[in-house]
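Here are some exercises to work through with the structure in view. Try each task before you read its solution.

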Amino acid sequence: MTAIAWNCSPADAREPARQTIDIPAATLPRAIDQLSREAGVSIGIEGRLPNLRTPAIHGQLTVDQALARLLAGTGYVARRVGGNAWRIERVPVSTAPHP
């Protein structure tokens with residue numbers, strides 16, 4: 001087994017890394033796949049994402065910011081589940097009674 005040690009300053013641990021993201025407008029599954037490849041992270045979902053159109057995303061962004069932009073208005077959110085891993089989940093539907 002090989003261990004890899006990262007030399008991170010305290011500032012690195014507090015602030016997520018921004019990176020150049022360049023994703024053209026596409027369907028949601030394609031855009032998420034491209035973000036995963038560009039950022040070198042794992043993005044998972046149980047089941048399939050709908051083929052909704054997403055806007056183009058360009059700029060210096062964190063993975064969280066890019067995911068939030070891609071998922072805005074879709075009924076899905078992304079939750080970080082590890083150092084380089086996110087899970088896309090459906091936004092829970094409120095079951096609270098209406099007044």
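**Exercise 1.** In this predicted model, find out whether E89 is buried, partly exposed or exposed, then look for its salt-bridge partner.

*Solution.*
- Step 1: E89 has a relative accessible area of 27%. Buried means under 20% and exposed means over 50%, so E89 counts as partly exposed.
- Step 2: The side chain of E89 meets that of R79 in a salt bridge, with N and O 2.9 Å apart.
- Step 3: R79 belongs to strand β6 and E89 to strand β7, so this pair ties together parts that are 10 residues apart in sequence.
- Step 4: Check the partner too: R79 is partly exposed, at 40% relative accessibility.

**Exercise 2.** The count of salt bridges comes to two. Describe the one that D33 forms.

*Solution.*
- Step 1: The partner of D33 is R37, and their closest N and O atoms are 3.0 Å apart.
- Step 2: Both residues sit in helix α2, four residues apart, which is about one turn of the helix.
- Step 3: Now compare each value with the cut-offs. D33 has a relative accessible area of 41% and is partly exposed; R37 reaches 57%, so R37 is exposed.

**Exercise 3.** Work out the strand order of the open sheet of three strands, and find what lies across β3, β6 and β7.

*Solution.*
- Step 1: The order is β3-β7-β6, and the pairing is mixed.
- Step 2: β3 (42-45) and β6 (76-82) are the edge strands, each pairing on one side only.
- Step 3: From one strand to the next, the twist averages 30°.
- Step 4: Strand β7 (residues 85-90) pairs with β6 in the antiparallel sense, over six bridges. Here A78 stands opposite I88 in β7.
- Step 5: Helix α3 (residues 63-71) lies across β3, β6 and β7, at about 155° to β6.

**Exercise 4.** Which residues have the most contacts inside the largest nonpolar core?

*Solution.*
- Step 1: A helpful idea to start with: in soluble globular proteins, nonpolar side chains tend to be buried together.
- Step 2: This core has 21 residues, and I32, L35 and I43 have the most contacts inside it.
- Step 3: At least two core residues come from each of β1 (19-23), α2 (28-39), β5 (57-61), α3 and β7.
- Step 4: Zoom in on L35. Leaving out residues up to four places away in sequence, its contacts include I21, I43, V63 and L67.

**Exercise 5.** How confident is the prediction, judged by its average pLDDT?

*Solution.*
- Step 1: The average pLDDT is 84, and 80% of the residues score at least 70.
- Step 2: Over residues 1-13, pLDDT stays under 50, and the model has zero contacts for them beyond four places in sequence.

Terms used. Residues numbered from 1 in each chain as written. Heavy atoms only, no water. Pairing = 2+ DSSP bridges. Axes fitted to C-alpha atoms, helices over the stretch in contact; angles between N-to-C directions. Contact = heavy atoms within 4.5 Å. Core = buried A, V, L, I, M, F, W, Y, C linked by side-chain atoms within 4.5 Å. Buried < 20%, exposed > 50% of the residue type's maximum accessible area, 1.4 Å probe, protein only. pLDDT = per-residue confidence, 0-100. Salt bridge = Lys/Arg side-chain N within 4 Å of Asp/Glu carboxyl O.
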